[in-house]
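Student: I should like to examine one part of this protein closely, with its surroundings described afterwards. Please take the aromatic side chains as the point of departure.

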Amino acid sequence: MSEYKPDRGRVDRAVRQSGVVVVMNKKHIKTPEDMVTTMYEVYQAGFIAECTFRIDAGILKDAMQELCVRRAQSSASRPFILGVGSVINPSELETAIEMGFDMVVAPANVIGRYREGHDFVRTCRPADVFCASAILT
């Protein structure tokens, strides 16, 4: 993951090319292996995978270690995008960025303790992480 550089433009192109973001929630993911397998198979099918931040933090952290390795092995013409949604506060946003997610989705145009989404965007932009409020979907 150390050589990987986030690029919100890459994510934007991949989302537009795919046209579909498959969202999985904590009911779908019981182990890190569940998350790795599901997200990778969604990618293999040509779509973008997004897990929810409501999945157990230990599972997210463990799965992201393997997912970041697989992302680094994906081709530039068909990148493996790692998305996370239901990010509801600044602490979760910072954790999601630190974990290496490429795309962060908030559940509405205002994320908890962020005013009108401005601070949400201001946190993601310097990290070059693609961000969207779910109101855009």
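Which residues do ring pairs link into a cluster?

Tutor: The model is a predicted one, and in it ring pairs join Tyr-40, Tyr-43 and Phe-80 into a cluster. The count of aromatic pairs comes to three. One of them is the pair of Tyr-40 and Tyr-43, which is tilted, with 5.6 Å from centre to centre and 50° between the planes. That angle is classed as tilted because stacked pairs have planes under 30 degrees apart and edge-to-face pairs have planes over 60 degrees apart.

The position of these two tyrosines in the chain comes next. Both belong to helix H2, which spans residues 32–44, and because they are three residues apart there, about one helical turn separates them. In general, an α-helix has 3.6 residues a turn, so residues three or four places apart point the same way. The two differ in burial class: Tyr-40 is partly exposed, at 22% relative accessibility, whereas Tyr-43 is buried, with a relative accessible area of 8%. The dividing value is 20%, under which a residue counts as buried.

Tyr-40 also pairs with Phe-80: the ring centres are 5.5 Å apart and the planes stand at 80°, so this pair is edge-to-face. This pair links distant parts of the chain, since Tyr-40 lies in helix H2 and Phe-80, 40 residues away, lies in the loop between helix H3 (57–73) and strand S3 (82–85). Phe-80 is buried, with a relative accessible area of 1%.

Two arginines accompany the tyrosine rings. Arg-70 lies over the face of Tyr-40, 4.7 Å from the ring centre. Arg-78 is placed over the face of Tyr-43, at 4.3 Å from the ring centre.

The surroundings may be followed through Thr-52, a residue of strand S2 (residues 48–52). Thr-52 is buried, its relative accessible area being 6%. Its side chain makes a polar contact with the side chain of Ser-86, at 3.3 Å. Leaving aside residues up to four places away in sequence, Thr-52 touches Met-24, Asn-25, Lys-26, Leu-60, Val-84, Gly-85 and Ser-86.

Helix H4 (residues 90–99) offers a further view of the packing. Its buried residues are Pro-90, Glu-92, Leu-93, Ala-96 and Met-99. These pack against H3, S3, strand S4 (103–106) and helix H5 (118–127). At the N-terminal end of H4, Asn-89 acts as the cap, with a side-chain oxygen 3.1 Å from the backbone nitrogen of Ser-91. Just after H4, Gly-100 takes a positive phi of about 105°.

These parts belong to a protein with five helices and five strands, which follow the pattern α-β-α-β-α-β-α-β-α-β along the sequence. Of its 137 residues, 42% count as buried. Among contacts between residues at least 6 apart in sequence, 67% join residues at least 24 apart. The accessible surface of the protein comes to about 7,400 Å², and 52% of that surface belongs to carbon and sulfur atoms.

Conventions: Residues numbered from 1 in each chain as written. Predicted model: local features only at pLDDT ≥ 70, side-chain atom pairs only at ≥ 80, totals over all residues. Heavy atoms only, no water. Phe/Tyr/Trp six-rings, centres within 6.5 Å; stacked < 30°, edge-to-face > 60°. Helix = DSSP H or I, 4+ residues; strand = E, 2+ residues; numbered from the N terminus. Buried < 20%, exposed > 50% of the residue type's maximum accessible area, 1.4 Å probe, protein only. Lys NZ or Arg CZ within 6 Å of the ring centre and 35° of its normal. Polar contact = N/O pair within 3.5 Å; in protein donor to acceptor, adjacent residues only side chain to side chain. Contact = heavy atoms within 4.5 Å. Areas by Shrake-Rupley, 256 points an atom, 1.4 Å probe, with all protein chains shown as cover.
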